[in-house]
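Me: I would like to go through this structure step by step. Please keep the answers short.

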Amino acid sequence: MDIVMIKQEGCNPCTMFEPAAKKIAEEYSLGFRTVMDTELPENVKLPYFPFFFLYDNGEIKDQWGGTSDRKMVSVIKRNA
């Protein structure tokens, strides 16, 4: 499984939470990458940043937003 973090230019919460998100992904042996919101198709509008997608074999298994490490761990465990 892989975690994709969508972040926005100038987003302080994105910058602050990215190291923690990477660490959690490593702890659960998940891939991790970031994508800037400007790289998304125009029709994709996210409610807030950072926003995360959990992928498994190319399929979105879950999605969530915010900077809660507890939420991230909960999503990972729920989909493991």
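**A buried residue in β1**

Reply: Start with Ile 6. Its relative accessible area is 2%. Buried means under 20%, so Ile 6 counts as buried.

Me: Where does Ile 6 lie?

Reply: This is a predicted model. In it, Ile 6 is buried. Its place is in strand β1.

Me: Which residues is Ile 6 in contact with, leaving aside neighbours within four places in sequence?

Reply: Contact here means heavy atoms within 4.5 Å. Ile 6 has Val 35, Asp 37, Leu 40 and Leu 46 among its contacts. The list also includes Phe 49, Pro 50, Phe 51 and Phe 53.

Me: What separates the C-alpha atoms of Ile 6 and Val 44?

Reply: Along the chain, Ile 6 and Val 44 are 38 residues apart. In space, their C-alpha atoms are separated by 11 Å.

Me: Which residues have the most contacts inside the largest nonpolar core?

Reply: That core has 22 residues. Ile 6 is one of those with the most contacts inside it. The full set is Ile 3, Ile 6, Phe 52 and Met 72.

Me: Which element gives the most to this core?

Reply: At least two core residues come from each of β1 (2-7), α1 (12-27), β3 (51-56) and α2 (69-79). Five residues come from the element that gives the most, and that element is α1.

Me: What does Met 72 touch, not counting residues up to four places away in sequence?

Reply: Met 72 is among the core residues with the most contacts there. Two others of that group, Ile 3 and Phe 52, are touched by Met 72. The rest of its list is Phe 17, Ala 21, Ile 24 and Trp 64.

Me: Is Asp 62 buried or exposed?

Reply: Asp 62 lies in strand β4, residues 59-65. Its relative accessibility is 17%. The cut-off for buried is under 20%, so Asp 62 counts as buried.

Me: Which side chain joins that of Asp 62 in a polar contact of 2.7 Å?

Reply: Asp 62 touches Arg 78 and Asn 79, among others. With the side chain of Asn 79, the side chain of Asp 62 makes a polar contact of 3.0 Å. The contact of 2.7 Å is with the side chain of Arg 78.

Me: How far is the backbone oxygen of Val 75 from a polar atom of the side chain of Asn 79?

Reply: Asn 79 is in helix α2. Its side chain makes a polar contact with that of Asp 62. A polar atom of the Asn 79 side chain also lies by the backbone oxygen of Val 75, at 2.8 Å.

Me: How many residues are between β3 and β4 in their hairpin?

Reply: β3 and β4 pair in the antiparallel sense, over six bridges. Phe 53 stands opposite Gln 63 in β4. In the turn, Asn 57 has a positive phi of about 50°. The number of residues between the strands is two.

Me: What is the angle about the S-S bond of Cys 11 and Cys 14?

Reply: The structure holds one disulfide. It joins Cys 11 to Cys 14, with S to S at 2.4 Å. Both cysteines are buried. The link is right-handed, and the angle is 75°.

Me: Which element has the highest mean pLDDT?

Reply: The mean pLDDT of the chain is 95, and 100% of its residues reach 70 or more. Among the elements, β4 has the lowest mean, 95. The highest mean, 97, belongs to α1.

Technical notes:
Residues numbered from 1 in each chain as written. Predicted model: local features only at pLDDT ≥ 70, side-chain atom pairs only at ≥ 80, totals over all residues. Heavy atoms only, no water. Helix = DSSP H or I, 4+ residues; strand = E, 2+ residues; numbered from the N terminus. Buried < 20%, exposed > 50% of the residue type's maximum accessible area, 1.4 Å probe, protein only. Polar contact = N/O pair within 3.5 Å; in protein donor to acceptor, adjacent residues only side chain to side chain. Core = buried A, V, L, I, M, F, W, Y, C linked by side-chain atoms within 4.5 Å. pLDDT = per-residue confidence, 0-100. Disulfide = S-S within 2.5 Å. Pairing = 2+ DSSP bridges.
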